[in-house]
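Student: Could you take one part of this structure and go through it slowly with me? I'd like to see how the pieces fit together.

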Amino acid sequence: MSVQGAARVARIWHTHFLPAICAIAVCALLTASAQGLEISGQQSSQSSQSASSAPANTGQQSQASAPESRVAHLPRGKKLILKDGNVQLVREYQVMDDRVRFYNTERSQWEEMPAALVDWDATRQSEAEQKKTDAALLSTVHKQEQARRIMPLDVDASLEAAPGVFIPPGEGLFVYDGKSVLRLTQAQANNKLDKAKVVEQVLVPIPIVPSRRNLSIPRPHAEVRVHNEQPEFYMRTADGREPNMVLIRTKVHGDSRLIENVDTYLQAISKTNRKEVIAERWQIANGVYRYTLSQSLEPGEYVFTEIVKGEGTNLYVWDFGVDFEGKSSAAKK
């Protein structure tokens, strides 16, 4: 082919075929781009679906693993003991003809089964044992609560003898007469040899007359007067000790009150004569004790004294008198 023919062919190629080829190439590129976008969209939707389903699967896995990790505790309720040895835990049950309707505590729903499957003797025995266990548990809790209530407190501040009536601070002996709390004062007792017994010993040559010592306090009447036949007493010690207190009714002799007398036989055997009133002791706080009386007090003169081990009656006593209408005038007559 000549040079002119080749140039002509080239001009025809550029004029007619090159634009068509470019158009075809552009269409191919657009088609490929569209397909790529569709694939990426599908992939993104699939990833979002998998992401959204992941928590649900996690929740299902956690729910499936929860019963395994849960500690097995038997719920409170009744037991239906079956004849095959199994036990059905129920909240309640109802016998309807030949079927039993019960509330399943494990599945939290009502269910039914034939009554013939239940061992009724064993079921009733189980219910009786459960009642005994519950009663014993209730009794134990009640005893613990009672013990907690009467347990001595660690502090003795703001102790009440009655609602709104408080025991004064400090050590000493206090009396609650039903209206207010009074502090009892201490009096010193005299321990003297009975002169009448000495004269009797001189007159009788045989040593059968005992020697006697009288414990008494001066003045015929105490300053503190109580107008109640059932008072209560409160003792607060300074060192937190547990005092051995005795309530004694004294006998008025002239200008003094006799607390007790002690007779000694042959310088060895001693006998103490006094009129005691039983008072029960209750510890209500550290070093604080309450005394209640098992009998009503008659009008008269009384003392509270502490019995010291190895020494006998303490010479320092708390004295008071009891006066109230109806009996005080008769007692004085």
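Tutor: Let's start with a bit of vocabulary: two strands pair if DSSP finds at least two bridges between them. Keep in mind, too, that what you're looking at is a predicted model.

Now let's try that word out. Strand S2 (residues 87–96) and strand S3 (residues 99–104) pair in the antiparallel sense, and five bridges join them. Pick Tyr 93 and look across into S3: its bridge partner there is Phe 102. S2 and S3 belong to an open sheet of four strands, with the order S1-S2-S3-S4 and antiparallel pairing. At the edges you'll find strand S1 (78–81) and strand S4 (109–114), each of which pairs on one side only. On average, neighbouring strands in this sheet are turned by 50 degrees against each other, direction ignored. While you're here, check two charges over rings. The charged end of Arg 91 sits over the ring of Tyr 103, 4.0 Å from the ring's centre. Arg 101 lies over the face of Trp 110, and there the distance to the ring centre is 4.2 Å.

That was the warm-up; the part I'd really like to zoom in on is another sheet. This open sheet has five strands, ordered S8-S7-S13-S20-S19, and the pairing is antiparallel. Strand S8 (181–183) and S19 are the edge strands: each has a single partner strand, so one side of each has no neighbour in the sheet. From one strand to the next, the twist averages 25 degrees. Inside the sheet, strand S13 (residues 232–236) pairs with strand S20 (residues 288–293) in the antiparallel sense, over four bridges. Want one bridge to find by eye? Go to Arg 236 and look for its partner in S20, which is Val 288.

Next, move out to the edge. Ala 279 is part of strand S19 (residues 279–285). Its relative accessibility is 25%, and because buried means under 20% and exposed means over 50%, Ala 279 counts as partly exposed. Ala 279 and Leu 293 are 14 residues apart in sequence, yet C-alpha to C-alpha they are 4.6 Å apart in space. Leaving out residues up to four places away in sequence, Ala 279 touches Tyr 291, Thr 292, Leu 293 and Phe 304.

Two of those names, Tyr 291 and Phe 304, are worth following, since ring pairs link them with Phe 233, Tyr 302 and Phe 320 into a cluster. The structure holds six aromatic pairs. Take Phe 233 and Phe 304: their ring centres are 4.8 Å apart and their planes stand at 65 degrees, so this pair is edge-to-face. The pair also links distant parts of the chain, with Phe 233 in strand S13 and Phe 304 in strand S21 (residues 300–308), 71 residues apart. Phe 233 is buried, at a relative accessible area of 0%, and Phe 304 counts as buried at 0% as well.

Tyr 302 and Phe 320 make a stacked pair, with 5.7 Å centre to centre and 15 degrees between the planes. Here Tyr 302 sits in strand S21 and Phe 320 in strand S23 (residues 316–322), 18 residues apart. Tyr 302 is buried, with a relative accessible area of 2%, and Phe 320 is buried at 0%. So here's the path to trace on your screen: begin at Ala 279, step to Phe 304, which it touches, and carry on into the ring cluster.

Conventions:
Residues are numbered from 1 along each chain as its sequence is written. This is a predicted model: local features need pLDDT of at least 70, side-chain atom pairs count only at pLDDT 80 or more; totals for chains, interfaces and linings use all residues. Side-chain values use heavy atoms; hydrogens and water are left out. Helices (H or I, at least four residues) and strands (E, at least two) are DSSP runs, numbered from the N terminus. Buried means under 20% relative accessible area, exposed over 50%, partly exposed in between (1.4 Å probe, protein chains only). Contact means heavy atoms within 4.5 Å. Axes are lines fitted to C-alpha atoms, for helices over the stretch in contact, and angles run from 0 to 180 degrees between N-to-C directions. Rings of Phe, Tyr and Trp (its six-membered ring) pair if their centres lie within 6.5 Å; planes under 30 degrees apart count as stacked, over 60 as edge-to-face and the rest as tilted. A charge sits over a ring if NZ of Lys or CZ of Arg is within 6 Å of the ring centre and within 35 degrees of the ring normal.
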